[in-house]
Amino acid sequence: MKLRLHFVVDPMGWFCMSLVFFVWFYNTLFIPKLILFPHYNEGHVPWALVICYYLASLFCVTALVRASTADPGRLPQDPHIPHSEREHWELCNKCNLMRPKRSHHCSRCGHCVRRMDHHCPWINNCVGEDNHWLFLQLCFYTQVLSLFTLGLDFCHYYCFQSLPNLRQEEFTGRHELALLRTSTFMGLVMFGGMSSLFYTQLTGILQDTTTIEKMSLFNSEVVPSSRPWQQSLAEVFGTRWKLLWFLPFRRRQPLGGALHSRIRV
């Protein structure tokens, strides 16, 4: 399975994605400098906590980059349609190309995407069959990193011992309160927003329904899923090994049985 990069030329999408990168960079830079490293040097926090924070940050930004640049399932100009699946394909009335059912034409990207869930401006990309697992990982690790940040901000003022050797002449020392308040505000916003999005995405996967199908008047055409939750998630992540569901560094290999074939025709 070849790795295909996908870039959408959309200034608004670039702006939204830049905001997400800024929030990640801000917390990855200032939280260790203000809380983790000073308290680690004083012996207040173990080294494992520092490693866990950087792992959560690494997984979060990796999922963000890959979800933003991965091909969501764009259909080629001349798709090869197996003879046994021709009855499950239809003609797109916007690009006049054949596509599998449960595909959708994205007006912002200008092409059809297999099992498209929605177009997300925060990653400047569509969320479709081939990158849905990365988007789900992004939601999950953003929650983890935001909760980690909020916990450290709280413990810095109410649980950890004071830092007597903090150099007040440095920028971070002079503006510590403002920097941590900004971090707390961004953590609350990101955790609340991503928690809601993660729940919506997860319930949609377990119900075998995309966001577009939920909003469509024709969502009754999709058969409600009665499969076990393990099978539903395994098809999205491309593996039955549950530990690999949490790793954004691998390649997804589609399992047998296409998701778009479970439609009444």
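The sulfur of C159 has its closest cysteine sulfur in C155, 4.1 Å away, and that is too far for a bond. A disulfide here takes a pair of cysteine sulfur atoms within 2.5 Å. C92 has a similar story to tell: its closest cysteine sulfur belongs to C95, at 3.5 Å, again too far for a bond. C92 is also buried, with 1% relative accessibility. Buried stands for under 20% relative accessible area, exposed for over 50%, and partly exposed for what lies in between, with a 1.4 Å probe and protein chains only. Search the whole structure and you get 0 disulfides.

A quick word on what you're looking at: this is a predicted model, where local features need pLDDT of at least 70 and side-chain atom pairs count only at pLDDT 80 or more, while totals for chains, interfaces and linings use all residues. Residues are numbered from 1 along each chain as its sequence is written, and side-chain values use heavy atoms, leaving out hydrogens and water.

Now for the rings. A pair of aromatic rings is described by the distance of the centres and the angle of the planes. Rings of Phe, Tyr and Trp (its six-membered ring) pair if their centres lie within 6.5 Å; planes under 30 degrees apart count as stacked, over 60 as edge-to-face and the rest as tilted. The whole structure has 12 aromatic pairs. Two of them are set out here.

| Pair | Centre distance | Plane angle | Kind |
|---|---|---|---|
| F59 and Y141 | 5.2 Å | 80° | edge-to-face |
| F140 and F198 | 6.2 Å | 45° | tilted |

F59 sits in helix α2 and Y141 in helix α3 (residues 132-158), so their pair ties together parts that are 82 residues apart in sequence. Helices (H or I, at least four residues) and strands (E, at least two) are DSSP runs, numbered from the N terminus. Both rings are tucked away: F59 is buried at a relative accessible area of 17%, and Y141 is buried at 7% relative accessibility.

In the other pair, F140 is in helix α3 and F198 in helix α5 (residues 176-206), so this contact ties together parts 58 residues apart in sequence. F140 is partly exposed at 27% relative accessibility, whereas F198 is buried, with a relative accessible area of 18%. These four belong to one aromatic cluster, formed by F59, F140, Y141, F198, F246 and F249.

Another ring has a charge for company. The charged end of R250 sits over the ring of W133, 4.5 Å from its centre (that takes NZ of Lys or CZ of Arg within 6 Å of the ring centre and within 35 degrees of the ring normal).

F249 turns up again on the surface, where Y40, W47, I51, L55, L58 and F249 make a nonpolar patch of about 620 Å². Patches take residues with over 30% relative accessible area and no salt bridge, joining like charges within 9 Å and nonpolar side chains (Val, Leu, Ile, Met, Phe, Trp, Tyr) within 5 Å. Helix α2 (residues 47-69) gives the largest share of the nonpolar patch, 4 residues. L58 lies in helix α2 and is partly exposed at 39% relative accessibility.

Finally, the backbone. Which loop holds R115? R115 is in the loop between β4 (111-113) and β5 (118-120), with a phi near 40°, a positive value in a residue other than glycine. R115 is buried, at 4% relative accessibility. N124 lies in the loop between β5 and β6 (125-127); its phi is near 50°, also positive in a non-glycine residue. N124 is buried, with a relative accessible area of 3%.

Notes:
Accessible areas come from the Shrake-Rupley method with a 1.4 Å probe; for residues, only the protein chains shown count as cover. A salt bridge is a side-chain nitrogen of Lys or Arg within 4 Å of a carboxyl oxygen of Asp or Glu.
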